Structures are given as structure tokens and as C-alpha cells.
Amino acid sequence: MVKGKISKILSEIGTVLDKVDDKEAELLVREILGAKNIVAAGAGRAGMAAKAFIMRLGHMGLKAHMLGDTTLASMGAGDVLLVASGSGETQTVYDLVLIAKKNGARILLVTGNRESRMGKLADQIVLIQAPSKVKPVNNFTSIQPMTTLNEQSLMIFFDALVLALMKEMGETHETMWRRHSNLE
């Protein structure tokens, strides 16, 4: 009953992530490594995937925050706003992109919709080609409800970025564990 569904879900995630452009991902890594501060934004489950990524960036010693953190400082030149938005059209996130852009931050967008309003403002885009609420993918429909496939793909994509960043920064499991919260 469940095992067949798991196999199908994993197959769908593989289909989506096989289409990620390595050059786009490499440019995203370069932007993150060159940033003074990294702030992530995203609504709903896409925001949750971004939050998990920001946590790992902090474990690597980078100055990384999630939008809404009480320690979030102002954004400006040298900073990046990393946005996870399948549609690239979510109004509340779009409004934040406008503010960050106006203040000189670079916009890094992980989306399924390069032509979106956020896409037009982004300095760097990584395309995750999962069906979204505003952009279907040709001849591809997920068995999963709503935008679940996009959010799963985002989480795994961000985890793959962590591995790339670890290699670039010389980080290991041990160095990262030393930065993990010990108030558990």
C-alpha cells in the first residue's frame, strides 16, 4: 500500500532534480560564499525548506538568517536574499524581494517559474521544474497533492547545496556539530 507510493514519490523527485542545471547551482554556491549575510524567505512549505537550509548554513559558520528571526539585521550591498518560491508570484514574498532589492541586496531565487515577477528581479535563478499552482510542467503531473513535489525537491536540492558548500569551505560533520545547539 505505502511502499509503491514511496517508490513513485522518489521517482518523481528524481525526475525533477535531474533537470537542475549544475551551472545555475554552482553560481548560487558562489553567491552564498561571497555574501556578507544570507537571509532566506519563502512562504508555507517552501519557506520550511529554506529554513532548514539556513540552519545548515549557520552550522557551517555563515551569517545566515531566516526572515522573521529576531536577530535579523538590515540588508544592503554585499548581502543576499535567498528566496524559495515555486511560483515566483507569492505577493508577500514579492514585496520583500522589492524591499531587499531597493536596499542593494542581491536576489537569489529558487523557483519553477523563471518568467515570474520575482524572476524578473532576481540576480541569480535556479530552476526547479516541478509543477506549481501557476506553472504546469509539460506532460508531467505528480501523484502528490498541491505543490508537495516542489517542496520535497527544494529540501533535497538545498541538502545537495550543503554538501557542495561543505566541500568548498572545508567543513566536516565534526566542525558543523561544534556549531550545533547544545541546549537540547
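In the predicted model, the backbone oxygen of S85 lies 2.6 Å from a polar atom of the T111 side chain. The two residues joined by this contact belong to separate strands, S85 being placed in strand 3 and T111 in strand 4. The side chain of T111 also reaches the backbone nitrogen of N113, at 3.0 Å. With a relative accessibility of 1%, T111 counts as buried, and S85, at 4% relative accessibility, likewise counts as buried, since the cut-off for this class is under 20%. When neighbours within four places in sequence are left aside, the contacts of T111 comprise S85, G86, S87 and G88 together with I125, V126, L127 and I128. For S85, with residues up to four places away in sequence not counted, the residues touched are T90, L109, V110, T111, G112 and M118.

Strand 3, to which S85 belongs, is largely enclosed by the rest of the structure, because six of its six residues are buried. In a regular strand the side chains alternate between the two faces of the sheet. In strand 3, V80, L82 and A84 point one way, whereas L81, V83 and S85 point the other way, and the residues of both sets are buried. Strand 3 pairs with strand 1 in the parallel sense over four bridges, and within this arrangement L82 of strand 3 is the bridge partner of A40. Strand 3 also pairs with strand 4, again in the parallel sense, over six bridges, with V80 standing opposite R106 of strand 4. Between strand 3 and strand 4 the chain passes through helix 4 (residues 91-102), and the resulting β-α-β crossover is right-handed.

Helix 2 comprises the 13 residues 22-34, for which a rise of 1.5 Å a residue leads to an expected span of 18 Å; the C-alpha atoms at its ends are 18 Å apart, in agreement with that expectation. The buried residues of helix 2 are E24, A25, L28, V29, E31 and I32. These residues cover an arc of only 160° around the axis, which means that they lie on the same side of helix 2. The cover over the buried residues of helix 2 includes strand 1 (38-41), strand 3 (80-85), strand 4 (106-111) and strand 5 (124-127), as well as helix 3 (44-59) and helix 6 (148-169). Strand 3 and strand 4, described above as a parallel pair, are thus both among the elements that cover the buried residues of this helix. On the face of helix 2 turned away from its buried side, the exposed residues D22, K23 and G34 are found. At the N-terminal end, helix 2 is capped by D21, a side-chain oxygen of which lies 2.7 Å from the backbone nitrogen of K23.

A further position considered here is G14, which is found in helix 1 (residues 3-17). G14 has a relative accessibility of 26% and therefore counts as partly exposed, a class that lies between the buried limit of under 20% and the exposed limit of over 50%. The C-alpha atoms of G14 and I156 are separated by 10.0 Å, although these residues are 142 residues apart along the chain.

Terms used. Residues numbered from 1 in each chain as written. Predicted model: local features only at pLDDT ≥ 70, side-chain atom pairs only at ≥ 80, totals over all residues. Heavy atoms only, no water. Expected span 1.5 Å × (residues − 1). Buried < 20%, exposed > 50% of the residue type's maximum accessible area, 1.4 Å probe, protein only. Arc of directions from axis to C-beta. Contact = heavy atoms within 4.5 Å. Polar contact = N/O pair within 3.5 Å; in protein donor to acceptor, adjacent residues only side chain to side chain. Pairing = 2+ DSSP bridges. Right-handed = clockwise from strand over helix to strand, strands pointing away.
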